[in-house]
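This report describes the fold of one protein for a reader beginning the study of structure. Please look at the sequence and the model before reading on.

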Amino acid sequence: MTLLLYDDIYLRHDTGPSHPENYKRLECIVDHLKTTGLWDKSTLMNPRAATVEEIALVHERAYIDRARQLAEAGGGQLDPDTTLSQDSYRAALYAAGALLTAADAIMEGMSKNAFCMVRPPGHHARPANGMGFCVFNNVAVVAQYLVSRHKLKRVFILDWDCHHGNGTQEMFYGEPGVFYMSLHRWPFYPGTGGADERGSGPGKGFTLNIPVTDGTSPEEYITSFKNAMDNDIKAFNPEFIIISAGFDGYSEDPVGGLGLAAEDFATLTGITLDLADRCCRGRVLSCLEGGYNLQGLPLCVEQHLNVLLEA
Ligand SMILES: [Zn+2]
């Protein structure tokens, strides 16, 4: 059984007529899941909104206020790439809230895994500013929530979005309890994510970056991924796995692109679930990040969700 979290509020985060991160991304995924029957096979769950206190687990209060005020004033630019509309603040609270809802359900044993179809995405959002289409760092909020509220000691964030999740890395760079691993195109936006960035202080060794050059074959990419999972992550022995599931590594993606086929996301998911079964009773919470090809994105999500459903 897989929980599927979605709400129409996410469509009302309006980024304008020509922004690649727009409501059509979710609309085409929902349509496709309904057509293929995966919508009905999943267990639908309504997300709650995150509270300001929960967002403040990883973001500064002054930044949360700034995002709210900008939306209340009718919207505007949070950073050059990140646009807010009137409903964006509310959508962002429900985006992070979906992960909190799913995390509670998984911890209560209602389901082993969940997929949160949310926007705005989160992994570039830094403690005091939004960035790269991201408002609040959804996966970081839930990781810290699992540590603070559910008292977990080893949470693993796996980020296979085509871009490095600089915000997530920054939030846990000194923390040994949250292991952040990213595979991303390199060199590329946002510029961080070199292999030498391994964490600091007590967090040293709990960040792992696997930069991938453009032109790397899917086979090489998957081999690097599996090696890291079989060694570093197995040794970490996570109690809970969170996936920053970006699908902009898909070969035809207009923003990212790393030569991956939709089926490759099934392979990545399968490797992750194998580890989850061995380490943490299958607990996997996946969250949509990037993915901007409206034909390919639904196919990638289908592959991902299919494997989650088989767990
Ligand atoms: Zn991305």
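## Report on the fold

Helix H6 (residues 138-148) is mostly covered, with 10 of its 11 residues buried. A residue counts as buried if 20 or more other C-beta atoms lie within 10 Å of its own, as exposed if 12 or fewer do, and as partly exposed in between, the C-beta atoms being placed from the backbone. Among the buried residues of H6 are Asn-138, Val-139, Gln-144 and Tyr-145.

The model is predicted; local features need pLDDT of at least 70 and side-chain atom pairs count only at pLDDT 80 or more, while totals for chains, interfaces and linings use all residues. Residues are numbered from 1 along each chain as its sequence is written.

**Overall form**

The secondary structure of the protein comes to 10 helices and 10 strands; helices (H or I, at least four residues) and strands (E, at least two) are DSSP runs, numbered from the N terminus. The radius of gyration is 17 Å, close to the 19 Å that the globule rule gives for 311 residues, so the protein is as compact as a globular protein of that length. This radius is taken over C-alpha atoms, and the rule is 2.2 Å times the number of residues to the power 0.38. Of the 311 residues, 53% count as buried.

**The sheet**

Eight strands form an open sheet in the order S2-S1-S5-S10-S9-S6-S7-S8, with parallel pairing. S2 and strand S8 (207-212) stand at the edges, each with a single partner strand, so one side of each is left without a neighbour in the sheet. Two strands pair if DSSP finds at least two bridges between them.

Strand S1 (residues 2-5) is joined to strand S5 (residues 113-116) by four bridges and to strand S2 (residues 43-45) by three. From S1, Thr-2 and Leu-4 point one way and Leu-3 and Leu-5 the other way, and all are buried. The table lists residues of S1 with the residues that stand opposite them.

| Residue in S1 | Opposite residue |
|---|---|
| Leu-3 | Ala-114 in S5 |
| Leu-4 | Leu-44 in S2 |
| Leu-5 | Met-45 in S2 |

Helix H5 (residues 88-107) lies across S1, S2, S5 and strand S10 (284-288), and runs at about 170° to S5. Axes are lines fitted to C-alpha atoms, for helices over the stretch in contact, and angles run from 0 to 180 degrees between N-to-C directions. Two residues are in contact if their C-beta atoms, placed from the backbone, lie within 7 Å.

**A pair of helices**

The axes of helix H8 (residues 218-236) and helix H9 (residues 262-280) come within 11 Å and cross at roughly 10°. H8 and H9 are therefore roughly parallel to each other, a term for angles under 35 degrees. Residues making the contact include Ile-222, Phe-225 and Met-229 of H8 and Leu-268 and Ile-271 of H9.

**Backbone details**

A cis peptide bond joins Arg-119 and Pro-120, with omega about 5°, and Pro-120 is found in the loop between S5 and H6. The peptide bond from Trp-186 to Pro-187 is also cis, with omega near -10°.

Phe-133, found in the loop between S5 and H6, has phi near 75°, a positive value in a residue other than glycine. Phe-133 is buried, with 27 other C-beta atoms within 10 Å. Asn-237 has phi near 60° and is partly exposed, with 14 other C-beta atoms within 10 Å.

Key:
Angles under 35 degrees count as roughly parallel, over 145 as roughly antiparallel, 65 to 115 as roughly perpendicular and the rest as oblique.
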